[in-house]
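This report walks through a single protein chain, with attention to its charged pairs, its surface patches and its overall build. The sequence and the structure are shown first, and the text follows from them.

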Amino acid sequence: NAPDEVRRLGRSYEDLIGIILQDEAELENLLRQKQVLLREVHHRTGNSLQLIASMIRLHMRQDPPPELRALLVSLHDRVMLLATVHLGLYQTADQPDVSIDGLLGRVLHQMKTLAQGEGRNVEVSTDFDRLRLKPDQAVQVALLVAELLSGLRDPGEAGAERAEVSVALRQVGPSDVELSVGSTARVGLGTTGTGWAGYGQIAGQLVRGFTEQLGGTATTEEVAGRSVFRLVFPIRETGV
């Protein structure tokens with residue numbers, strides 16, 4: 001027996017609730033579609049990069065000159081590591097952040113497999129805190145580690161068929177992380193005798209670029225025959 005004004009207000013309220021519920025359902029559907037598309041992008045990108053790596057391997061089997069082979073090996077490894085990163089992101093595309101220890105673990109496993117394929121024994125030790133980073137920052141960390149260890153596949157000088165590598169990622173403050181990468185390998189970034197500062201031109205540009213993108217401060221040192229790269233950077237609160 002409510003007055004007409006109250007009944008009309010009640011119907012308007014019910015209509016408004018219906019519109020809100022419908023909008024929420026549409027937003028949830030759009031979010032699911034975005035997650036599916038993002039996973040598909042990472043999956044297809046990873047597969048395409050693996051196809052490119054296979055094409056590079058075909059050229060490597062043609063017994064090219066040593067300088068060209070070294071270039072093809074470097075290019076192949078970078079492409080394979082990019083594929084590994086994208087396939088790792090494919091598995092976490094529906095999450096706002098990435099478990100960096102899992103992503104780095106996949107990258108290091110791929111690098112060890114590539115090195116063993118060239119007859120080099122690489123022992124990898126890791127020490128990762130359980131950290132979650134935004135996807136863009138996690139990719140930068142993974143590619144930086146890959147670039148720092150880019151020389152592991154080539155046995156290099158005589159007697160250097162074995163390398164010991166250590167990679168650590170620890171939270172050192174409320175919002176800071178320290179990445180340290182050490183290696184006994186006298187190849188790749190460590191061949192010049194100046195530690196990790198002895199980058200090749202391309203590798204040096206990539207390392208400096210990733211360091212700047214992470215907003216960190218990098219140092220290098222030689223400790224007991226091991227080249228050690230350290231980078232302290234802030235955890236990014238916002239990202240892709």
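Asp127 is partly exposed, with a relative accessible area of 35%, and it is a suitable place to begin reading this model, which is a predicted one. The side chain of Asp127 meets that of Arg170 in a salt bridge, with an N to O distance of 3.1 Å. This pair links distant parts of the chain, since Arg170 belongs to strand 4 (residues 162-171) and Asp127 to strand 2 (residues 121-128), 43 residues apart. Arg170 is likewise partly exposed, its relative accessible area being 32%. Asp127 and Arg170 also belong, together with Glu178, to a network of salt bridges.

**Salt bridges**

Side chains of opposite charge can pair when their charged atoms come close. The structure holds five salt bridges, and the table lists three of them, including the one already described.

| Pair | N to O distance |
|---|---|
| Arg78 and Glu147 | 2.4 Å |
| Arg236 and Asp136 | 3.0 Å |
| Arg170 and Asp127 | 3.1 Å |

In the salt bridge of Arg78 with Glu147, the closest N and O atoms are 2.4 Å apart. Here too the pair links distant parts of the chain, with Arg78 in helix 2 (residues 66-90) and Glu147 in helix 4 (residues 135-148), 69 residues apart. How exposed or buried is Glu147? Glu147 has a relative accessible area of 5% and therefore counts as buried, under the cut-off of 20%. Arg78 has a relative accessibility of 24%, so this residue counts as partly exposed.

The side chains of Arg236 and Asp136 form a further salt bridge, at 3.0 Å from N to O. Because Arg236 lies in the segment after strand 7 (226-234) while Asp136 lies in helix 4, the pair ties together parts that are 100 residues apart in sequence. Arg236 counts as partly exposed, at 22% relative accessibility.

**Surface patches in the early part of the chain**

Which residues form the negative surface patch? Asp23, Glu24, Glu26 and Glu28 make up this patch. Asp23 is part of helix 1 (residues 4-60), and with a relative accessibility of 37% Asp23 counts as partly exposed.

A nonpolar patch on the surface is formed by Tyr13, Leu16, Ile17, Ile20 and Leu21, which together have about 480 Å² of accessible area. Leu21, one of the residues of this nonpolar patch, is found in helix 1. Leu21 has a relative accessible area of 52% and so is exposed, the cut-off for that class being over 50%.

**The chain as a whole**

Turning from single residues to the protein chain, its secondary structure comes to five helices and seven strands. Along the sequence, these elements follow the pattern α-α-β-α-β-β-α-β-β-α-β-β.

Of the 240 residues in the protein chain, 37% are buried. The accessible surface of the chain comes to about 13,700 Å², and carbon and sulfur atoms account for 55% of this surface. Among contacts in the protein chain with a separation of 6 or more, 69% are between residues 24 or more positions apart. The salt bridges of Arg170 with Asp127 and of Arg78 with Glu147 join residues that are 43 and 69 positions apart, respectively.

Methods
Residues numbered from 1 in each chain as written. Predicted model: local features only at pLDDT ≥ 70, side-chain atom pairs only at ≥ 80, totals over all residues. Heavy atoms only, no water. Patch = residues over 30% accessible without salt bridge, like charges linked within 9 Å, V, L, I, M, F, W, Y side chains within 5 Å. Areas by Shrake-Rupley, 256 points an atom, 1.4 Å probe, with all protein chains shown as cover. Salt bridge = Lys/Arg side-chain N within 4 Å of Asp/Glu carboxyl O. Lys, Arg positive; Asp, Glu negative; His and termini not counted. Charge placed at Lys NZ, Arg CZ, Asp CG, Glu CD. Helix = DSSP H or I, 4+ residues; strand = E, 2+ residues; numbered from the N terminus. Buried < 20%, exposed > 50% of the residue type's maximum accessible area, 1.4 Å probe, protein only. Contact = heavy atoms within 4.5 Å.
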